[in-house]
Each structure stands twice: as structure tokens, then as C-alpha cells.
Amino acid sequence: MHKRVYWPESHNRVLRALLKKSTSGVEVIYIPGNHDANFREFCGSEFGNVQIHENMVHVTRDGRRMLVTHGDELDFAVRYSRINRIVGDIAYDLLMNANRWLNRLREHFGKPYWSLARWAKSRVGKAAQAIEHYQKAAAHLARQRQVNGIICGHLHYPVIRQYGDVTYYNDGDWVENCTALLEDQQGKLHLVQAIHNGVPNQEIVLAAV
């Protein structure tokens with residue numbers, strides 16, 4: 001939105017669906033991140049029954065306490081210069097553009113969705129090291145807050161990982177990974193991918209804890 005306004009009708013449908021849930025008894029909480037940081041000035045407010053918080057603690061059905069946050073406050077664990085961040089942003093945009101064209105080609109040949117950006121993050125040494133440092137910092141924050149785990153999404157790297165007595169959850173995103181974190185009736189959290197063979201709404205469980 002900083003470079004240009006892109007707001008298709010599909011965005012409105014998502015917002016309408018969330019607002020409909022919020023007015024029908026479903027608790028909807030919005031936690032802004034670095035891409036929508038301007039909304040952080042409204043933390044503590046409520047719009048159309050949607051609560052806005054900087055972070056919150058969610059208690060699962062099995063009694064575990066999870067710190068839920070966007071995660072950009074943990075960027076201190078990955079120390080890069082401004083130049084590196086700018087180059088990284090450009091490289092990420094290029095990867096995402098390439099990813100779209102690649103998956104159109106894969107879909108044409110009946111191949112499942114595949115994330116080029118996720119592959120690059122797992123293969124580039126410094127990227128993998130940065131992810132590891134970030135995850136350890138997140139686990140440390142969870143211990144400081146005396147919770148059982150931390151849920152974030154800032155890195156766009158979906159994973160469930162145990163760090164001692166703390167569980168780290170990253171729900172990924174709806175852009176490059178098409179993933180989300182769901183809680184079942186027993187309180188177990190499932191990392192799911194909502195696309196398969198180019199067909200949306202078919203959930204694949206990637207991990208569960």
C-alpha cells in the first residue's frame with residue numbers, strides 16, 4: 001500500500017466475512033504487524049466488535065497459554081544493516097514474482113503449489129541461520145512471559161518447533177505458503193496448508209502439537 005493501492009473485491013469479501021463473524025458471537029482479534037504498523041495506534045480499541053491488540057495470550061482448550069504476536073519486535077535477533085534489508089526486500093519481491101509465474105506453469109502441468117521463497121530460505125545459509133536466531137529469541141520471549149508457547153508469523157516461514165519447555169509456532173502466510181494455524185476441540189494446534197494440486201480449500205496437516 002506504500003507503493004500503490006491494490007484492493008481487489010476479494011479483500012472486501014475477507015473483511016465482510018470477518019466482520020460477520022465478529023457480530024455473530026465469534027471473538028475476532030486483530031494484531032497489526034510491520035506491514036500495517038499504522039494501525040498500532042488503535043491498539044486497545046474495538047471496531048465493529050473486532051478488537052485490536054499489540055499482542056495477547058491465548059489459552060488453548062487443554063489449558064496451555066500461548067503468546068500471540070506478529071513477531072517483528074524480534075527483529076533485533078537478526079542484525080542486518082539498512083542496505084542489507086533493502087536488498088533483501090528487493091530480492092523477496094523478485095522471488096514472489098518468479099514464484100507466481102512458476103506456479104502457473106506447475107498448475108498447467110498438474111503439479112501442486114510450491115513455494116520458491118520458502119525453498120530459498122531453507123537453502124541459503126545466512127537465511128537459515130537468521131531464522132534459527134529469530135526462533136530462539138521468540139522462545140526466550142515466551143519464557144520471559146511465562147507462557148507455554150509463542151505464535152507469530154513475521155518470518156513467513158511456517159513451522160512448529162520445540163525449544164526445551166517452549167513451543168514455537170509460525171503460521172506462515174496466505175501469500176507464499178497458503179498456511180494457517182488451527183486449534184482442534186482437544187486444544188492441539190495444527191499447521192495446515194490450504195491448497196493442494198492447485199485446488200484451494202483442501203487442508204493438508206503439515207504438523208501438529
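In the predicted model, D165 is exposed, with a relative accessible area of 58%. The side chain of this aspartate meets that of R143 in a salt bridge, with an N to O distance of 3.0 Å. Because R143 belongs to helix α4 and D165 to the loop between β7 and β8, the pair ties together parts that are 22 residues apart in sequence. The arginine partner is partly exposed, R143 having a relative accessible area of 37%.

Six salt bridges are present in the structure. Helix α4 also contains the pair formed by K136 and E132, whose side chains meet at 3.7 Å, N to O. These two residues are separated by four positions within the helix, about one turn. A relative accessible area of 46% places K136 in the partly exposed class. Through salt bridges with shared partners, E132, K136 and R161 are joined into one network. A further salt bridge is formed between the side chains of D62 and R64, at 3.2 Å from N to O. The two partners of this bridge fall into separate accessibility classes: D62 is partly exposed at 41% relative accessibility, whereas R64 is buried at 18%. The class of R64 follows from the cut-off, because buried means under 20% relative accessible area.

The strands around β6 and β8 form the next element of the description. Strand β5, residues 65-69, runs parallel to β6 and is joined to it by three bridges. Within this pairing, L67 stands opposite I150 of β6. Strand β6 is in turn joined to β8 by four bridges, again in a parallel arrangement, and G149 has T167 of β8 as its bridge partner. Strands β7 and β8, by contrast, run antiparallel and are joined by five bridges; here V159 is found opposite N170 of β8. The hairpin of β7 and β8 has two residues between the strands, and in it G164 adopts a positive phi near 65°.

Burial extends to both faces of two of these strands. In β6, G149 and I151 are buried on one side and I150 and C152 on the other. In β8, the buried residues are V166, Y168 and N170 on one side, with T167 and Y169 on the other. Since five of the five residues of β8 are buried, this strand is largely enclosed by the rest of the structure.

The largest nonpolar core comprises 21 residues, and those with the most contacts inside it are L74, Y134, I150, L155 and Y168. Two or more residues are contributed to this core by each of α4 (125-144), β6 (149-152), β7 (159-163) and β8 (166-170). Helix α4 provides the largest share, eight residues. The surroundings of Y134 show how this residue is placed with respect to other parts of the chain. When residues up to four places away in sequence are not counted, Y134 touches H70, G71, D72, L74, D75, A77, V78, C152, H154, L155 and Y168. A second core, separate from the one described above, consists of nine residues, including V68, I160, L181 and L191.

Aromatic residues provide a further set of contacts, with a count of three aromatic pairs. The ring centres of Y30 and F39 lie 5.9 Å apart and the planes meet at 65°, so this pair is edge-to-face. For F39 and F42, the centres are 6.4 Å apart and the planes are at 50°, so the pair is tilted. The difference in assignment rests on the angular cut-off, because planes over 60 degrees apart count as edge-to-face, whereas those under 30 degrees count as stacked and the rest as tilted. Together, ring pairs link Y30, F39, F42 and F47 into a cluster. Partial exposure is found for Y30, with a relative accessible area of 25%, for F39 at 41%, and for F42 at 32%.

An aromatic ring also takes part in a contact with a charged group. The charged end of R104 sits over the ring of W101, at 4.7 Å from the ring centre.

Note on methods: Residues are numbered from 1 along each chain as its sequence is written. This is a predicted model: local features need pLDDT of at least 70, side-chain atom pairs count only at pLDDT 80 or more; totals for chains, interfaces and linings use all residues. Side-chain values use heavy atoms; hydrogens and water are left out. A nonpolar core is a set of buried Ala, Val, Leu, Ile, Met, Phe, Trp, Tyr and Cys residues joined through side-chain atoms within 4.5 Å. Buried means under 20% relative accessible area, exposed over 50%, partly exposed in between (1.4 Å probe, protein chains only). Contact means heavy atoms within 4.5 Å. A salt bridge is a side-chain nitrogen of Lys or Arg within 4 Å of a carboxyl oxygen of Asp or Glu. Rings of Phe, Tyr and Trp (its six-membered ring) pair if their centres lie within 6.5 Å; planes under 30 degrees apart count as stacked, over 60 as edge-to-face and the rest as tilted. A charge sits over a ring if NZ of Lys or CZ of Arg is within 6 Å of the ring centre and within 35 degrees of the ring normal. Two strands pair if DSSP finds at least two bridges between them.
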